[in-house]
Every structure is written in structure tokens, then in C-alpha cells.
Amino acid sequence: NPRKPMNPQTPSWQDLDQLIVVAGHAVYVGRDFLAPDRDENWWLQSFQTGEPPFYLEHIRFGVELAAAQPKALLIFAGGQTRLEAGPRSEGQSYWALADHFSWWQKSGVRDRATTEEFGRDSLENIFFGLARFREATGHYPTSLDLVGWAFKRERFDFHRQTARWPANESRYRYHGVNNPADLDGAR
């Protein structure tokens, strides 16, 4: 049955048909969640100073978007991109933070959220996000929502074209939540 989840450990997500991908940017390394918005709790590149509050906005936006789309699977994307952070992924970091904030009281979202833990860039966030959706549901999504930096809209659209994903509004939406304070450094 092609609509049956491929992994028997995965929750029953075969009826989900929308994909929301929140692209990760850094790995959370805090030992607790007392100050998740502080730089010292993240493994950051030099140009990422001051960005953690923006990452939290991306996570929350993704959760709220998933709450508004009950047929969507929310995927926090991003691999183990920082050797110094150990075997922690960006996707795991984002999922753990959403869980820490109790999914901002959006019931049911936690049950429709997972991670993609291999993506290293925007292109892989799309391709691996689609593959993870297929792995989790047994089929491909009918729509794709991407959440990330506003300045990456054109980059993600280019990668969407590479993936041959349709551009029409009912199939693809990019949500540029904010931009980093050091936009030139981030570019």
C-alpha cells in the first residue's frame, strides 16, 4: 500500500498532504532551556552573533503555520552542521526548543512534527524535506511551505525550480519571517 508509512515506528501520518519546512541555521547546545535566546547557548559562526532570538521566531512561526494547517507535517530541517556541537543537529535543536515552549499551546502540532537531520544548505532543506515527508507518510506532499530568512526568498525559489516544484500559490509558499541584524555578514 503506497499510502502506508514506510517506518512502523512513525506515527500514522499517511493522511497528511502538506509539508512545512523550517530551515535551521545553527545548533542549540545549551545544557538547559533557561536562556535559549542567548548566543552562548548556540554554536554560532562569527556572523551569527545576536541571531538566536530570530531562530526562535522561525520555530514559532512554523508551529503556528502547522496549527493553521491540520493536514500538514512540520519538519525542522538541518543536519549536524557544527562538528564542535557534537552529534546534535539543527533539526533536533529546533524540535527540542518547540517542545520546551510547549509548542506555544498549539494543540496537535507536536503529533505532526519531526526532523530532517542531513540537510546542510537551502537546496538540501528542500530535497531532503520532501524525501523525509515521503519517508514519513508514504507519499509526496501536494503543497510546500518553507520558513526562513526573508533575504533567502530568491535562493529558495531558485532551488524550488531546481526541484521542479510548481510555483503557484496553492502548491508553494515561502515565508520570510525576518532578517538577521548583520544582513551583509549573513549574505
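**Exercise 1. Find the residue that follows helix H2 and give the sign of its phi.**

Solution. Serine 102 follows H2, and its phi is positive, near 55 degrees. Helices here are DSSP runs of H or I with at least four residues, and strands are E runs of at least two, numbered from the N terminus. The model is predicted, so local features need pLDDT of at least 70 and side-chain atom pairs pLDDT 80 or more, while totals for chains, interfaces and linings use all residues. Residues are numbered from 1 along each chain, and side-chain values use heavy atoms, without hydrogens and water.

**Exercise 2. Work out how the buried residues of H2 are arranged.**

Solution. Step one: list them. In H2 (residues 90-100), Glu90, Gly91, Ser93, Tyr94, Leu97 and Ala98 are buried (under 20% relative accessible area, 1.4 Å probe, protein chains only). Step two: look down the axis. The buried residues fall within an arc of 160 degrees, so they line one face of H2 (the arc uses directions from the helix axis to the C-beta atoms). Step three: find the partners. These residues pack against elements including helix H1 (52-68) and strand S4 (72-77) (contact: heavy atoms within 4.5 Å).

**Exercise 3. Describe the largest nonpolar core.**

Solution. Step one: count. This core has 26 residues; among those touching the most other members are Trp42, Phe76 and Trp103 (members are buried Ala, Val, Leu, Ile, Met, Phe, Trp, Tyr and Cys, joined through side-chain atoms within 4.5 Å). Step two: find the largest share. H1 gives it, with six residues. Step three: inspect tryptophan 103. Beyond four places in sequence, its contacts include Val63, Leu74, Trp95 and Ala113.

Technical notes. Buried < 20%, exposed > 50% of the residue type's maximum accessible area, 1.4 Å probe, protein only.
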